[in-house]
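User: Hi! I'd like to learn how the words used for a structure are justified. Could you take me through some of them?

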Amino acid sequence: MARLFDAYIVADWTAAETKKLGDTSLWIGVAKRDVRFRLYTETHNVATRAEGEALLTSILADHRKRGDRVLVGLDFNFGYPVGAAARLKLDGTPWQAMWKFIASNIVDKADNTNNRYQVAAKMNRLMTDEAWPLWGAPAKQAQRWLTTTKPPVGSGADIPEFRATENAARKGRLQPKSVWQMHGAGAVGGQTLVGIPAVRRLLESLGPSGAVWPFGTGWRALTPDDVEPLSALVVEVWPSIFETKPQPGEFKDQAQVRSTAEALARMDEAGDLAKAFAPHKEASPELIAQVEQEEGWILGV
């Protein structure tokens, strides 16, 4: 089977509130082939999300001029556990409604200052009028609707802690964090709140040549004919799934984006990437609808 993509981009996003380079900052890895079709990888480090968004746009524009198809992986949640949009009383397709709500509330400035904790507190107020389901904040950001620590067991018991994709990963002995966790080691809640507006803008700039999986493509195996009209397909990735061996002098996040981009390229070369877009054999029609309309899925889980 022919390869689906010509290049593979993986971005390790950040929710940092200050400019930062090096360890635990924003890294972008790009795996592509040279004139002899040999795979090689470049990594880029930028100090702010605005710079990262501009760099992604520039890289994709260069590939588009060459007629390349690019897979873009971002390491934050594209969706929330089932029912979140309904608790916020949002109308329309849940994932689109959540993206619109977050984009209209997040203020993310060029110097990385942002209001993600205030937005998390607003979501809690609207969903439960309590300090859950979102939790975790520095002491200076804690308030009536957002606490520094995880809520007591049973709080918001009707709101799932994880999406179906995280539950599937946990069965495989992986330990993904819940999107409700905003602060602390490995927390992804903040990255999601500042990341979704960025990917939404990216897709808007691409127009019909851009799509997001599985929301825009369906949760199904993809063929070359499916991706032929696209210049970029954007997916959710979790670099921890893939084996990473840092090279001498590499930062951890730098090694992860390089390794993940290379792993996706190898999967595509072997014909395994196309199948990775499909649901598990035991997935029910209800789960498929839940993933396609609200929760999304981590590629490779």
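Analyst: Happily! Let's begin with strand 6 (residues 232–236), which is mostly covered, as five of its five residues are buried. This is a predicted model, where local features need pLDDT of at least 70, side-chain atom pairs count only at pLDDT 80 or more, and totals for chains, interfaces and linings use all residues. Residues are numbered from 1 along each chain as its sequence is written, and side-chain values use heavy atoms, leaving out hydrogens and water.

User: What makes a residue of strand 6 "buried"?

Analyst: Buried means under 20% relative accessible area (exposed is over 50%, partly exposed in between; 1.4 Å probe, protein chains only). Ala 232, Val 234 and Glu 236 point one way and Leu 233 and Val 235 the other, and all are buried, so each falls under that 20% cut-off.

User: Why is strand 4 said to pair with strand 6?

Analyst: Two strands pair if DSSP finds at least two bridges between them. Five bridges join strand 4 (residues 70–74) to strand 6, so the rule is met. The two run parallel, and Val 72 has Val 234 as its bridge partner.

User: How do you know that the length of helix 8 agrees with its expected span?

Analyst: The expected span is 1.5 Å times one less than the number of residues. Helix 8 (residues 252–270) has 19 residues, so it should span 27 Å, and its end C-alpha atoms are indeed 27 Å apart. Helix 8 is also mostly covered, with 15 of its 19 residues buried.

Terms used. Helix = DSSP H or I, 4+ residues; strand = E, 2+ residues; numbered from the N terminus.
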